[in-house]
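Trainee: Could you take a close look at the cysteines for me, and then at a strand and its partners?

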Amino acid sequence: MSDLYAEVILPLPLHDAFTYKVPGHLESDIAEGKRVVVQFGQKKLYSALVTALSRKKPENIDVKKIHEVLDEQPVVLSENIKLWRWIAKYYCCTLGDVFKAALPGGLKLESKSKVFAVDDGTEAELTEKEQMLLQQIGSENSTVDELQRKLRNDFSYPVLKSLFKKNCIQIEEKINARYKAKTETFVKLHPEIENKKILNNKLNDLQRAKKQQALLLHFCKKINAFEKDVLLSVSKKELLDGTGFTPAVLKELAKKKLVIQFQKQVSRIEEETENSQVSINLLNKHQEKALTEIQASFEKKQVTLIHGITASGKTEIYIHLIDEILKSGKQALYLVPEIALTTQIVRRLKNVFGKKVGIYHSKLSSQERVEIWDKVLQFQTKPENGYQVILGARSAIFMPFSKLGLVIVDEEHENSFKQFDPAPRYNARDMAVILGLQNNAKVLLGSATPSFETYYNAINGKYGLVNLKKRHTNVELPETLVADVKRAYKRKQMHSVLSPELYELMQGAAEKNEQSILFQNRRGYSPFVECFTCGWIPKCKNCDVSLTYHKYKKRLTCHYCGYSQQMPDSCDNCGSNEIKTRGFGTEKIEDELKPLFPNASLARMDLDTARSKTALEKIIQNLESRKTDILIGTQMVTKGLDFEHVSVVGILNADNLLNFPDFRAHERAFQLILQVSGRAGRKNNRGKVVIQTSQPEHPLLNLIISQDYTSVFKAQMEERKLFRYPPFFRLIKIVVKHKNQQTVDRAAIQLKQFLGRNNKLILLGPEYPLVSRIQLWYQKEIWIKFDKSLHLDNTKDFIIDCVSRTKHLPDNSNCIINIDVDPM
């Protein structure tokens with residue numbers, strides 16, 4: 001029989017797959033979707049993924065052998081690899097980029113070069129530097145990194161290479177798995193205690209050690225010792241918690257051979273202690289009608305959009321659809337844009353579906369993600385042990401589903417579904433559609449304010465469309481007021497950052513024991529500080545942005561690269577002490593509201609206060625349990641959260657949203673304001689929303705007040721058609737980066753010249769974006785627009801070729817050129 005060859009992909013930015021020979025002793029172990037250890041380059045070992053097996057030997061190639069197979073079962077399914085290839089092709093990135101993004105960190109292995117001295121009996125002539133390096137290596141094994149740290153300037157790669165050639169050292173690559181199983185200490189009876197009689201004798205022997213005797217009795221009750229319903233062991237934590245017994249007492253019992261302590265592998269995933277599931281809520285007549293329409297639409301269309309106003313009860317419809325899929329023995333994927341949304345939805349899904357639900361997002365540890373990945377894989381062979389429903393953020397589309405039947409994308413308009421950096425720069429909403437098509441699964445997109453591209457596809461028949469225009473409890477949509485802050489400032493009617501209209505409503509809400517939410521899309525205390533004498537503004541040394549002042553840290557911080565410095569006492573330019581904060585962020589608003597509402601409990605929800613999963617959950621729980629009266633937040637507060645007692649919502653600065661220089665600015669402003677407005681008056685009484693602006697006559701505001709989505713859509717479609725923007729034209733953004741500004745300027749012009757050879761492409765730029773330098777890298781953008789009638793693959797191939805040619809020109813090799821397909 002001829003030799004077996006494996007095609008593998010590596011976690012490196014490489015377009016191609018590579019072929020390796022499978023040694024005879026590994027042929028029975030290897031399979032598509034398993035990880036293997038391969039050598040790539042001179043000495044580097046990588047964990048690669050097998051994508052295909054063949055008996056056909058590649059021609060004119062010196063094929064290396066696979067070192068070992070890492071998995072007993074495949075960690076990736078063929079359906080996953082099919083999606084990866086689609087993503088790599090569509091988003092103009094490498095298969096290696098997709099591999100790195102898709103697999104949890106714990107399943108990607110890293111290698112460390114270990115160096116150790118050898119004595120083969122021969123004496124080699126060594127230079128002084130070689131002798132010093134060999135002496136440093138000594139008898140201990142060191143990694144190259146460790147040698148570099150020890151020797152600093154005395155370290156030399158050429159000297160290391162020379163020692164290797166002279167057989168004085170060996171360099172060994174060792175693969176270290178990042179994933180480690182979690183273990184916990186458990187306690188069981190010593191095997192010598194075979195029956196109740198021996199146990200009673202042992203207890204009597206402990207008459208003089210009362211604590212040990214009490215602990216042994218407590219332990220026996222815990223494990224039902226020698227009863228019919230036997231628990232063989234109990235965790236040390238559970239045994240000692242809340243008892244007053246110390247680990248030292250337990251240690252003494254182990255010394256006397258009464259108990260044994262041992263390590264046992266446990267899951268990192270928090271399981272519900274109770275498995276009592278609640279029944280699914282009944283739908284009202286409007287929800288029932290929408291559900292029937294969705295089911296009818298799925299008969300004809302793979303993808304359906306549900307356009308349901310805020311608080312219309314879309315989540316309950318999703319739960320009914322998931323229940324149907326689960327009963328048919330298939331899996332469901334429920335995508336949300338942010339983990340901020342998951343806390344409430346997790347509770348709801350787990351109440352209904354119990355342990356069938358798994359959660360997957362970036363705030364989980366690498367180890368937790370590996371365990372969830374494994375549980376989804378298990379559904380193929382052991383459905384009772386695997387997850388049937390996954391709720392997650394955008395990376396959940398890469399999960400290894402074997403029987404996918406339904407994909408739900410909630411708040412599908414959110415740009416959080418778009419991956420910006422690093423590659424692949426995919427949109428999870430669009431990938432959900434492709435995932436559904438590849439797995440023959442139905443896809444439901446849901447939003448109160450659908451993205452204009454999705455809505456365009458729906459009204460033109462590409463997707464099904466279902467409307468839900470009534471709130472779940474028949475409560476009216478909130479009343480929206482526009483407050484003219486320009487006039488209020490002139491008349492000195494402002495209460496700090498609150499207009500008189502918003503202040504009065506918040507006071508009224510406080511008197512009725514109701515809650516308020518304030519939205520300001522800037523975190524920190526102040527967006528910048530300024531010298532009132534000469535106008536000097538402190539800026540980041542790495543990025544072309546002003547530094548944001550954070551009062552609780554007393555530091556100025558860059559929100560792009562993380563650079564921070566102390567708040568200056570005096571101006572660096574003129575020496576004046578007149579340094580004052582300008583503008584307001586969420587931290588300053590919280591500070592200013594304390595004296596205005598002294599009896600109210602205030603909280604903030606932004607990146608500073610909600611960095612961890614638990615911190616975010618606590619903020620939401622406090623608002624739900626009415627421990628918080630006023631919540632101040634950034635975009636996090638707009639995303640589908642459901643609070644029963646919120647009656648007032650304030651948008652503190654609508655001007656930033658209305659005047660942003662982007663063709664999607666009005667679409668996003670409408671979506672954002674409507675979404676945050678939807679937090680008001682969801683259960684009982686009609687809510688109130690106040691939009692603070694210095695442009696009360698802005699035409700978009702009237703459409704927001706009337707919540708007229710269709711009119712905004714029609715107006716924007718006319719503009720986009722005229723100026724050739726999506727959904728009528730395709731859009732690709734190219735970003736050229738380099739640490740030298742002249743290099744960026746030159747390379748960007750050269751790239752445009754190459755692109756200009758195709759006269760069917762409309763080119764905008766090259767231009768510097770709003771922030772032209774980030775982390776010392778200057779960047780210029782070229783935007784490409786082209787008609788949808790152009791062959792997409794050929795056009796992308798042309799663009800990739802132009803990028804490659806530009807990078808190969810003299811002095812451009814260090815340029816970074818990123819391609820972003822369908823930029824947001």
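Mentor: Cysteines come first, then the strands, then one side-chain contact.

This is a predicted model: local features need pLDDT of at least 70, side-chain atom pairs count only at pLDDT 80 or more, and totals for chains, interfaces and linings use all residues. Residues are numbered from 1 along each chain as its sequence is written, and side-chain values use heavy atoms, leaving out hydrogens and water.

A search of the whole structure finds zero disulfides (a disulfide is a pair of cysteine sulfur atoms within 2.5 Å). Take Cys540. Its closest cysteine sulfur is in Cys561, 3.6 Å away, so the two are too far apart for a bond. Cys558 is in no disulfide either; the nearest cysteine sulfur belongs to Cys540, at 3.7 Å. Cys540 is buried at 4% relative accessibility (buried means under 20% relative accessible area, exposed over 50%, partly exposed in between, with a 1.4 Å probe and protein chains only). Cys558 is buried too, at 2%.

Now strand E28, residues 646-651 (strands, E, are DSSP runs of at least two residues, numbered from the N terminus). Six of its six residues are buried. Strand E20 (residues 515-519) runs parallel to E28, joined by five bridges (two strands pair if DSSP finds at least two bridges between them). Gln515 stands opposite Val646 in E28. E28 also pairs with strand E29 (residues 688-693), again parallel, over four bridges. There, Val648 has Lys688 of E29 as its bridge partner.

Last, Arg35. Arg35 sits in strand E3, residues 35-40. Arg35 is buried, at 9% relative accessible area. Its side chain makes a polar contact of 2.6 Å with that of Asp71 (a polar contact is a pair of N or O atoms within 3.5 Å; within protein, one must be able to donate a hydrogen and the other to accept it, and residues adjacent in sequence count only if both atoms are side-chain atoms).
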